[in-house]
Amino acid sequence: MQCAGGSYIKTRALGDSAPRRGREGRSSPARRKATMAKEWGYASHNGPDHWHELFPNAKGENQSPIELHTKDIKHDPSLQPWSVSYDGGSAKTILNNGKTCRVVFDDTYDRSMLRGGPLPGPYRLRQFHLHWGSSDDHGSEHTVDGVKYAAELHLVHWNPKYNTFKEALKQRDGIAVIGIFLKIGREKGEFQIVLDALEKIKTKGKEAPFTKFDPSCLFPACRDYWTYQGSFTTPPCEECIVWLLLKEPMTVSSDQMAKLRSLLSSAENEPPVPLVGNWRPPQPIKNRVVRASFK
Ligand SMILES: [Zn+2]
């Protein structure tokens, strides 16, 4: 069981997406694969421990997230500061895909860009989404010296030198993700704009317009970051990501986290199942080096 405190998860595993049982009272590998092909997830029958069965990348050499051990991470003075020039007008929609809530941006040309840091050129913002837990004491994917934050925000950008997002997924430097930890504290007013929109996308498959939003309003004041080569944390777990993990978390209130947990992973016509525990646990670091932009 990957998701601690997973009473919600168990509920989900018992839902109608659970695999049918064979004569031995266990699901056969074939059946489990068939179920997961229909839908991977975070429950015991289709969760992170099973992803590699259908998505072999998931056992690759460059998987994310990872544990960060700060005493072992060296400052790399060659790492540049990063910056964004986001156009709030490029925000388009917010959607609930049953696994997260995602805000999608127009990325048909260079509108909302990320530059600098460890990156070889400019990257275009495509979407942002979050991962969170069933309670405030866990939910982030990366951990810092054993600390799990309440949630983790991922802003996904792609390298337009590869012409399409799909093509960028095949390249080591195809994607750049800014990862921001969410820590419980003061309410974040700007985050409330996103949370207020969740009312319109309560259930799986819902989508609503979400415009005029510049996500840099969510960034913490400090731009210090850790960087390493990794992957998407959801299947098919492509190893194409240059990660920029911000050292300073953004603070949100416990009420704001509760609002995030009010989303459902079930569709409108199904029994309600809370959308929680959508985080992948840390993966082996293998031969990789994490670098810090700061001393
Ligand atoms: Zn993510």
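Colleague: Why is histidine 131 called buried?

Modeller: In this predicted model, histidine 131 has a relative accessible area of 3%. The term requires a value under 20%, and therefore histidine 131 is classed as buried.

Colleague: What makes His129, His131 and His154 ligands of the zinc ion?

Modeller: A donor must be an N, O or S atom within 2.8 Å of the metal. The atoms concerned are NE2 of His129, NE2 of His131 and ND1 of His154, at 2.0 to 2.1 Å. These nitrogen atoms therefore satisfy the criterion. Water is not among the atoms, so the site may look incomplete. Along the chain, the donors follow the spacing H-x1-H-x22-H.

Colleague: Is histidine 129 buried or exposed?

Modeller: Histidine 129 is buried, because its relative accessible area of 10% is under the limit of 20%.

Colleague: Why is cysteine 222 called partly exposed, whereas cysteine 101 is called buried?

Modeller: Cysteine 222 has a relative accessible area of 22%, and the range for partly exposed lies between 20% and 50%. Cysteine 222 therefore belongs to that class. Cysteine 101, at 3%, is under 20% and so counts as buried.

Colleague: How many disulfides does a search of the whole structure find?

Modeller: The search returns zero. A disulfide would need a pair of cysteine sulfur atoms within 2.5 Å, so the result means that no pair meets this limit.

Colleague: What makes the pair of phenylalanine 128 and phenylalanine 213 tilted?

Modeller: Eleven aromatic pairs are counted in the model. For phenylalanine 128 and phenylalanine 213, the ring centres are 6.1 Å apart, within the limit of 6.5 Å, so the rings pair. Their planes stand at 45 degrees, neither under 30 nor over 60, and therefore the pair is tilted. The two residues are 85 positions apart: phenylalanine 128 is in strand S7, and phenylalanine 213 is in the loop between strand S11 (207-209) and strand S12 (225-230). Phenylalanine 128 is buried at 2% relative accessibility, and phenylalanine 213 is buried with a relative accessible area of 2%.

Colleague: Why is the pair of tryptophan 226 and phenylalanine 294 described as edge-to-face?

Modeller: The angle between the planes is 65 degrees, which is over 60, so the pair is edge-to-face; the centre-to-centre distance is 5.7 Å. Tryptophan 226 lies in strand S12 and phenylalanine 294 in the segment after strand S15 (291-292), so parts 68 residues apart in sequence are tied together. Tryptophan 226 is buried at 5%, and phenylalanine 294 counts as buried at 17%.

Colleague: Which residues do ring pairs link into a cluster?

Modeller: The cluster consists of Phe105, Phe128, Phe210 and Phe213.

Colleague: Which residues touch the most other members of the largest nonpolar core?

Modeller: In this core of 45 residues, they are Ile94, Trp132, Leu153, Leu155, Ile178, Leu182 and Phe191. Strand S7 (residues 123-132) gives the most to the core, with five residues. Apart from this core lies another of 24 residues, including Val144, Tyr149, Phe165 and Ala292.

Colleague: Which residues does isoleucine 94 touch?

Modeller: Leaving aside residues up to four places away in sequence, the contacts of isoleucine 94 include Val103, Val194, Leu198, Ile201 and Phe210. Arg102, Lys206 and Glu207 are also among them.

Methods: Residues are numbered from 1 along each chain as its sequence is written. This is a predicted model: local features need pLDDT of at least 70, side-chain atom pairs count only at pLDDT 80 or more; totals for chains, interfaces and linings use all residues. Side-chain values use heavy atoms; hydrogens and water are left out. Donors are N, O and S atoms within 2.8 Å of the metal (3.2 Å for Na, K and Ca); water is not among the atoms, so sites may look incomplete. Buried means under 20% relative accessible area, exposed over 50%, partly exposed in between (1.4 Å probe, protein chains only). A nonpolar core is a set of buried Ala, Val, Leu, Ile, Met, Phe, Trp, Tyr and Cys residues joined through side-chain atoms within 4.5 Å. Helices (H or I, at least four residues) and strands (E, at least two) are DSSP runs, numbered from the N terminus. Contact means heavy atoms within 4.5 Å. Rings of Phe, Tyr and Trp (its six-membered ring) pair if their centres lie within 6.5 Å; planes under 30 degrees apart count as stacked, over 60 as edge-to-face and the rest as tilted.
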